[in-house]
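Please look over the sequence and the structure below before reading on. The paragraphs after them go through the strands, then the charged side chains.

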Amino acid sequence: MARTLLISTAIATLLTSGAIAQTATTTPTADPTQPQPQMEMVVHASGHLVSDLLGKSVYNQTGVEAQDIGEVTDIVVNNDGDIEALVVGVGGFLGIGQKEVALQYDLARWSEQDNTRRLVIETNADALQALDEFDRSAFRPMPADADVNNLKPATEDEVKAAEQKAAREKAEAAAAANGN
């Protein structure tokens with residue numbers, strides 16, 4: 001009796017699933033010969049996703065002459081949940097030999113170039129190289145008397161001072177190379 005019930009249930013299941021599989025719904029497709037209307041692309045939310053920031057190239061300015069000066073390698077979030085700093089890797093090749101510096105988040109702004117959103121920090125790679133290196137170890141457990149670098153992200157004034165220092169060092173190196 002139970003065996004007959006199981007067999008009849010299995011047969012009923014097979015028959016109904018076959019019938020369901022055969023009823024297909026078709027969706028209308030657009031005519032490829034008809035021109036598709038251009039739709040303006042907009043961002044509907046305010047703010048930015050962290051996943052959009054990590055790995056994002058940092059440019060020194062807006063416009064076609066903008067130079068890629070680094071890449072966002074990390075983000076520092078304070079205890080209140082606010083973004084305090086962007087950690088930018090500068091120099092090196094494929095992450096090898098690059099220096100990481102922390103910059104105040106409000107130094108960065110978004111720009112639109114060739115339908116691509118760009119992260120812009122108005123400085124240059126030499127200035128970033130002149131800043132103190134970001135110390136990741138300070139965010140991990142360590143002895144209380146451990147020596148760590150300055151943990152504050154660079155401010156706009158510090159970035160400007162680093163630009164001047166880098167320009168001065170470049171001029172001194174050029175003068176030394178010319179024998180002056």
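Two strands are said to pair if DSSP finds at least two bridges between them. Strand β1, residues 57-59, meets that condition with β2: the two pair in the antiparallel sense over three bridges. Within this pairing, Y59 stands opposite D68 of β2. The model is a predicted one, and everything said here about the chain is read from that prediction.

It helps to place these strands in the whole chain. The secondary structure comes to four helices and six strands. Along the sequence they follow the pattern α-α-β-β-β-β-β-β-α-α, with two helices before the strands and two after them. Of the 180 residues in the chain, 23% are buried.

The next pairing takes the reader from β2 to β3. Strand β2 covers residues 68-77, and it pairs with β3 in the antiparallel sense over six bridges. Two of the residue pairs can be picked out on the display. V76 has A85 of β3 as its bridge partner, and V77 stands opposite I83 of β3. The hairpin made by β2 and β3 has five residues between the strands. In this hairpin G81 takes a positive phi near 90°.

Strand β3 itself spans residues 83-90 and is mostly covered, since six of its eight residues are buried. On to β4: this strand, residues 99-104, runs antiparallel to β3, and six bridges join the two. Here V90 stands opposite K99 of β4.

K99 deserves a second look. Is this residue of strand β4 buried or exposed? Its relative accessibility is 16%, and a residue under 20% counts as buried, so K99 is buried. Its C-alpha atom is separated by 6.5 Å from that of E133, although the two residues are 34 apart along the chain.

The charged side chains give another way through the structure. How many salt bridges does the structure hold? There are four. One of them joins R136 to D74, and the closest N and O atoms of this pair are 2.7 Å apart. The pair links distant parts of the chain: R136 sits in the loop between α3 (125-130) and α4, D74 sits in strand β2, and their positions lie 62 residues apart in the count. Both ends of the contact are partly exposed, R136 with a relative accessible area of 26% and D74 at 26% relative accessibility.

R136 also has a salt bridge with E100, at 2.8 Å from N to O. Because R136 lies in the loop between α3 and α4 and E100 in strand β4, this pair ties together parts that are 36 residues apart in sequence. E100 has a relative accessible area of 14% and is therefore buried. Taken together, D74, E100 and R136 are linked in a network of salt bridges.

A further salt bridge is found between K170 and D126, where the side chains meet at 3.5 Å from N to O. This pair, too, links distant parts of the chain, with K170 in helix α4 and D126 in helix α3, 44 residues apart. The two residues fall into separate accessibility classes: K170 is exposed because its relative accessible area is 57%, while D126, at 38% relative accessibility, counts as partly exposed.

One more charged feature lies on the surface. Which residues form the negative patch? They are D106, D132, E156, D157 and E158. Of these, E158 has its place in helix α4, which covers residues 156-177. E158 has 39% relative accessibility and so counts as partly exposed.

Notes: Residues numbered from 1 in each chain as written. Predicted model: local features only at pLDDT ≥ 70, side-chain atom pairs only at ≥ 80, totals over all residues. Heavy atoms only, no water. Buried < 20%, exposed > 50% of the residue type's maximum accessible area, 1.4 Å probe, protein only. Patch = residues over 30% accessible without salt bridge, like charges linked within 9 Å, V, L, I, M, F, W, Y side chains within 5 Å. Areas by Shrake-Rupley, 256 points an atom, 1.4 Å probe, with all protein chains shown as cover. Lys, Arg positive; Asp, Glu negative; His and termini not counted. Charge placed at Lys NZ, Arg CZ, Asp CG, Glu CD.
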